[in-house]
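Student: I should like to learn how to read the features of a protein model from its coordinates. May we work through one together?

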Amino acid sequence: MGRIIFYEDRNFQGRSYETSSDCPELTSYLSRCNSCRVESGLFMVYEKPNFMGHQMLVRRGEYPDNQHLMGMSMSDCIRSSRMIPSHRGPFRMRIYERENFGDFGGQMVECSDDCSSVYDTYKLREVYSCAVTDGVWIFYDLPNYRGRQYLLERGEYRQHVDWGASSPGVGSFRRITEF
């Protein structure tokens with residue numbers, strides 16, 4: 001089980017709130033959240049309530065200033081968080097070059113491992129839909145696991161907006177295997 005502590009101010013100052021589960025609205029507990037400490041587990045933190053907006057995976061460690069969280073700029077504070085469920089394997093998903101799982105053509109690729117470049121590996125310029133059958137995955141909008149992150153759990157994503165992306169560009173993806 002994971003544990004994360006959120007703090008109102010930078011550098012772990014001000015009031016704090018500790019949780020081991022999903023939190024769709026941090027402002028119910030704190031007026032704002034500008035730093036966090038992950039004691040155990042993995043969490044996805046979001047810039048908006050209800051797991052919306054820019055998201056970033058955080059693992060065991062200290063994050064004294066979320067505006068520069070893991071090298072990415074977020075808005076003024078963290079508004080919600082989701083605990084990443086433990087999954088040891090197997091990992092399987094299908095990615096599609098078209099919406100609705102390629103009902104109207106396009107390439108489909110079955111994946112069970114990390115991919116540092118979707119274009120170089122599969123010759124796909126865009127990923128419009130995806131079906132995760134096993135495991136928990138992170139999509140990145142740039143190659144080499146860089147850029148915006150998107151959490152994908154078991155389920156169907158008929159179009160890129162279903163996983164929170166504003167465009168169908170998926171540059172890389174990886175399995176979440178570390179806990």
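The dialogue below takes up the sheets, the cores and the empty spaces of this predicted model.

Student: Let us begin with the sheets. What is the strand order of the open sheet of four strands?

Tutor: As a general idea, strands of a sheet pair through backbone hydrogen bonds, either parallel or antiparallel. Here the open sheet of four strands runs in the order 7-6-8-11, and its pairing is antiparallel. Strand 7 and strand 11 (155–157) are the edge strands, each pairing on one side only. From one strand to the next, the twist averages 15°.

Student: How many bridges join strand 6 to strand 8?

Tutor: Five bridges join these two antiparallel strands. For a single position, look at Arg94, which stands opposite Ala131 in strand 8.

Student: Which strands make up the open sheet of three strands, and in what order?

Tutor: That open sheet has the order 10-9-12, again with antiparallel pairing. Strand 10 and strand 12 stand at the edges with a single partner strand each, so one side of each has no neighbour in the sheet. The twist in this sheet averages 25° from one strand to the next.

Student: How should I follow the pairing of strand 9 with strand 10?

Tutor: Begin with the connection and then read the partners. Strand 9 and strand 10 form a hairpin with three residues between them, and Asn144 in the turn has a positive phi of about 60°. The two strands pair in the antiparallel sense over five bridges. Leu142 stands opposite Arg146 in strand 10, while Trp137 has Leu152 of strand 10 as its bridge partner.

Student: Which residues of strand 12 are the bridge partners of Phe139 and Tyr140?

Tutor: Phe139 is partnered by Phe173, and Tyr140 by Ser172. Strand 9 and strand 12 pair in the antiparallel sense, over four bridges.

Student: Is strand 10 mostly covered or mostly open?

Tutor: Strand 10 is mostly covered, with five of its seven residues buried.

Student: Where do the buried nonpolar side chains gather, and which residues touch the most other members of the largest nonpolar core?

Tutor: In soluble globular proteins, nonpolar side chains tend to be buried together. In this model the largest nonpolar core has 20 residues, and those that touch the most other members are Met93, Ile95, Cys130, Phe139, Leu152, Trp163 and Phe173. Two or more residues of this core come from each of strand 6 (92–96), strand 7 (108–111), strand 8 (129–134), strand 9 (137–142) and strand 10 (146–152). There is also a second, separate core of 15 residues, which includes Phe6, Tyr17, Leu26 and Cys36.

Student: With which residues is Met93 in contact, leaving aside its neighbours within four places in sequence?

Tutor: Its contacts are Val109, Glu110, Cys111, Cys130, Ala131, Val132, Thr133, Trp137, Phe139 and Phe173.

Student: How does one look for empty space, and how many cavities of 30 Å³ or more does the structure hold?

Tutor: Rolling a probe the size of a water molecule over the atoms shows where empty space is left. The structure holds one cavity of 30 Å³ or more, and the volume of the largest cavity is about 30 Å³. Its lining consists of Phe139, Tyr140, Asp141, Tyr150, Trp163, Ala165, Ser167, Pro168, Gly169 and Val170. Strand 9 provides the largest share of this lining, three residues.

Student: What is the volume of the largest pocket, and which lining residues are closest to its centre?

Tutor: The largest pocket has a volume of about 270 Å³. It is lined by 13 residues, of which Phe51, Gln55, Asp162, Trp163 and Gly164 are the closest to its centre. Strand 4 (residues 52–63) gives the most to the lining, with three residues.

Student: Where is Asp162 found, and why is it classed as partly exposed?

Tutor: Asp162 is found in the loop between strand 11 and strand 12 (172–175). Asp162 is classed as partly exposed because its relative accessible area is 39%, and that class lies between 20% and 50%. Asp162 and Asp114 are 48 residues apart in sequence and 21 Å apart in space, C-alpha to C-alpha.

How values were computed:
Residues are numbered from 1 along each chain as its sequence is written. This is a predicted model: local features need pLDDT of at least 70, side-chain atom pairs count only at pLDDT 80 or more; totals for chains, interfaces and linings use all residues. Side-chain values use heavy atoms; hydrogens and water are left out. A nonpolar core is a set of buried Ala, Val, Leu, Ile, Met, Phe, Trp, Tyr and Cys residues joined through side-chain atoms within 4.5 Å. Buried means under 20% relative accessible area, exposed over 50%, partly exposed in between (1.4 Å probe, protein chains only). Contact means heavy atoms within 4.5 Å. Two strands pair if DSSP finds at least two bridges between them. Axes are lines fitted to C-alpha atoms, for helices over the stretch in contact, and angles run from 0 to 180 degrees between N-to-C directions. On a 1 Å grid over the protein atoms alone, a cavity is a set of points where a 1.4 Å probe fits but cannot get out, and a pocket is an open set with protein on both sides within 12 Å along at least five of seven lines; lining residues have an atom within 4 Å of a point. Grid points are joined across faces, edges and corners, and a volume is the space filled by probe spheres set on the points.
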